[in-house]
Structures are given as C-alpha cells and as structure tokens.
Amino acid sequence: MQITISDKILHFKQPAGTSRGVYTTRHSYYVTIEKDGVRGIGECATLPDLSCDTLGSDDAYRQTLSQLCQLTASMGSIPFDLLRPYPSMLFGLETAMAQVNAGGSLDFFHTPFGRGEEGIPMNGLVWMGTFEEMYARMKAKLDAGFHCIKLKIGAIDWDRELSLVQFIRQHFSKEDIELRVDANGGFTPENAMSRLEQLAKYDVHSIEQPIRQHQWKEMAALCRNTPLPIALDEELIGVNLKMMKEDLLDTIRPQYIILKPSLHGGMRGTEEWIALARSRGIGSWITSALESNIGLNAIAQLAAKIYGPHISMPQGLGTGQLFTDNIPLDHAVLQLRGDKLWLK
Ligand SMILES: [Mg+2]
C-alpha cells in the first residue's frame, strides 16, 4: 500500500460565513491510497478556529498527516484509536480507504445513492436579510423544491430576528416548510429559555447550539425544559473519545446531534456518535462543512450508508457549487435536483 499527499488552495465563489468568521479560501490536503492497482482519494481539511486538529500551522498539519499516512501504509489499515484526536485526517484516510475497498468506485458502501438511483433530501440555507429579501429567498427555495429551510440566527438584533421568523411563518405554513434555526451559540444561559419559548410559537423544527459549547450544566437544563428540540453541533467538537461522548450525551441529553465527519470524528467516529445517540433515543443528521467534491461525496456516501435507503430526514449537505476551482470527481458529478443531492 502506498499513500501520497497533495494539497490545494480552493477559492470560494462567495465568501463563506461560519460561526467563526468568513473564509475566502480553503486549504485542503488530498491523500491518495494505492493498493494492488486500485486508487482512492480522500480530503483532509480543517476550518481555522473551529476544528480541533488544525495544529496551529500548515507545516505542523502536513507533518502529522504525513506521519499518520506512513503509519497507515505500513500497517495496511487505519489505526482508528490513534487518529481519534485528528478527525479531519481520519476522515480523509477513511474516504480514500473506502474507495479502495470499493474497487476504486465512488459507490463506497453499495447504496442506492452511490449507484445514482436515489437522491438525499437536504435542507436549504437562507441568509437573514430584510423582510422583502427573506420573502424572496424563501419563495425561491420553495420554488426550487425545498421542504426544509435552515436560518442562521443569533447574530443580529433578537427582536428583529424573531419578527423575521414570525413574518416567514405568516407566509409559509408548517406544512409548506420545515424551519430549522441555528443560533451558533449566540444566546446566553440567561436569555436562552425565553428565546426558545418565543421561537416555539412559530413551529420551529429544532434549534442548533442555542448557547456556546462547554456549558454542559446550562445546556442540560435547557434540553430538559425546552419547548423546542435542541440539536448540538459545535458542542461535539473535540469530544473524540467514546467515554467522553457517552458522558456528554448522558449529561446534556439533547434531542438531536448534528454530525460533521471532518470535525466530529471522521466516518467511524460519526458512526459511533450516531450509535450512542440512537441507543439513547437521540436523533441525528449529517452535514458537510465546506468540503470540496471529494469530501462532500464521502459525507453523502456515509449518510446514505447510515440512514438509507429512502432517507426522509433532510441532511445538511453542500451543493458542490462552493468553489471556482472545485476538484472534479472521477466520471461523476454531484447534482442538486429539487431538494435532493444526487450522484450522477
Ligand atoms: Mg450549526
């Protein structure tokens, strides 16, 4: 087995906003595994200030990645427990290995999605704006075929955000559109409960990360009393050991967890999270985190493996249209049709 590393700076078509700032470029490393003439490629990429494994510099990242690739090559398999602290590297290696194990095919796990027979439903993202802008953006998503919309809240004036949610619900009923909101930790333990109560009046499906992570006691109290399902996202970053995952789920008892494989444990760590959640009656969905086509395909293949076939819960997958210089997939494209992502 041989593993090689290359890298590329990808350029966003439009600056990409996250809970930790705005990015114009993305530095992705690509690991290629070759075994018995079969090749697989995986993407390793971190988000500065968000990932637990940026290691402070590009040099340090490349060095550690290179060591872990050498180790994987000499062992002939991925040393999962050793890679737990490096979810982005683990995810890339798992992607490449999955492709090799699938004989070089992009249909990693032999799913209807992987064969191009069914799509995966997704939520659409709508940015906050004026009443007119919001109406136009919501209408456009609905016309495009979306049934589930995610709104990023917690960033501007709360009263204004709440009146925008109210305005949306006046024009688009619960039957028209499932509304998810993401506060990205924008509420405080003091104001969160009253805000959750206000939001619950407008039939909101769920709220992501109402308060900042690392406040388990406060988050647990919210999850116990909330009128609105709470989904943990940033909270899961850096929680890489199985015992810590169990501890977090048992302490906070969220209604949902949201898994980003490159941030939350790679493929195997994500599957571990979901199995632990399921056994506690906690729901989940998977989302991408600004990956190029290589990473995005891997996340979609994983979602299809875990939740498929016939996924009904919308996932948070990207559209593959983020970058001006995206990496093409071998003989295939990721395509958005209506609200579903297809591999064709
Ligand atoms: Mg989020």
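## Cysteines

The sulfur of Cys69 sits 6.6 Å from the closest cysteine sulfur, that of Cys44. That is too far for a bond. A disulfide needs two cysteine sulfur atoms within 2.5 Å. The model described here is a predicted one.

Cys52 is also unpaired: its closest cysteine sulfur, again in Cys44, is 13 Å away, too far for a bond. A search of the whole structure finds zero disulfides. The surroundings of the two residues can be stated as well. Cys69 counts as buried, because its relative accessibility is 3%. Cys52 counts as partly exposed, at 32% relative accessibility.

## The three-stranded sheet

One open sheet has three strands, in the order E1-E2-E3. Their pairing is antiparallel. Strand E1 (2-18) and strand E3 (38-45) are the edges, and each pairs on one side only. From one strand to the next, the twist averages 25°.

Strand E2 covers residues 21-35 and is joined to E3 by eight bridges in the antiparallel sense. Within this pairing, Glu34 stands opposite Arg39 in E3. Helix H1 (residues 58-75) packs on the sheet. This helix touches E1, E2 and E3, and its direction makes about 140° with that of E1.

## The seven-stranded sheet

A second open sheet holds seven strands. Their order is E5-E6-E7-E8-E9-E10-E11, and the pairing is parallel. Its edge strands are E5 (124-126) and E11 (283-286), each of which pairs on one side only. Neighbouring strands are turned against each other by 30° on average, direction ignored. Helix H4 (residues 131-144) packs on this sheet. H4 touches E5, strand E6 (148-152) and strand E7 (178-182), and its direction makes about 170° with that of E5.

Strand E10 (residues 256-259) pairs with E11 in the parallel sense over four bridges. Leu259 has Ile286 in E11 as its bridge partner. E10 also pairs with E9 in the parallel sense, over two bridges. There, Leu232 stands opposite Ile257 in E10.

In a regular strand, side chains alternate between the two faces of the sheet. In E10, both faces are covered. Tyr256 and Ile258 lie on one side, Ile257 and Leu259 on the other, and all are buried.

## The magnesium site

Which residues hold the magnesium ion? The protein donors are Asp182 (OD), Glu208 (OE) and Asp233 (OD). They lie 2.0 to 2.3 Å from the ion. Along the chain, the donors follow the spacing D-x25-E-x24-D.

Glu208 lies in strand E8 (residues 204-208). Asp233 is in the loop between strand E9 (230-232) and helix H8 (242-252). The pair therefore ties together parts that are 25 residues apart in sequence. Both Glu208 and Asp233 are buried.

## Helices H7 and H8

How do the axes of H7 and H8 cross? Helix H7 covers residues 216-225, and its axis comes within 8 Å of that of H8. The axes cross at roughly 50°. The term for this is oblique, because the angle falls outside the ranges for roughly parallel, perpendicular or antiparallel.

The contact has residues from both helices. H7 brings Trp216, Met219, Ala220 and Cys223. These meet Met244, Asp247, Leu248, Thr251 and Ile252 in H8.

## Backbone details in the loops

Three loop residues have backbone angles to note. Start with Leu55, in the loop between E3 and H1. Its phi is near 60°, a positive value in a residue other than glycine. Leu55 is partly exposed, with a relative accessible area of 33%.

His110 has a positive phi of about 55°, although it is not a glycine. Is His110 buried or exposed? His110 is exposed, with a relative accessible area of 57%. His110 is found in the loop between helix H3 (87-101) and strand E4 (120-121).

The last detail is a peptide bond. From Gly308 to Pro309 the bond is cis, with omega near -5°. Pro309 lies in the loop between helix H10 (293-307) and strand E12 (334-337).

Technical notes:
Residues are numbered from 1 along each chain as its sequence is written. This is a predicted model: local features need pLDDT of at least 70, side-chain atom pairs count only at pLDDT 80 or more; totals for chains, interfaces and linings use all residues. Side-chain values use heavy atoms; hydrogens and water are left out. Buried means under 20% relative accessible area, exposed over 50%, partly exposed in between (1.4 Å probe, protein chains only). Donors are N, O and S atoms within 2.8 Å of the metal (3.2 Å for Na, K and Ca); water is not among the atoms, so sites may look incomplete. Two strands pair if DSSP finds at least two bridges between them. Axes are lines fitted to C-alpha atoms, for helices over the stretch in contact, and angles run from 0 to 180 degrees between N-to-C directions. Contact means heavy atoms within 4.5 Å. Angles under 35 degrees count as roughly parallel, over 145 as roughly antiparallel, 65 to 115 as roughly perpendicular and the rest as oblique.
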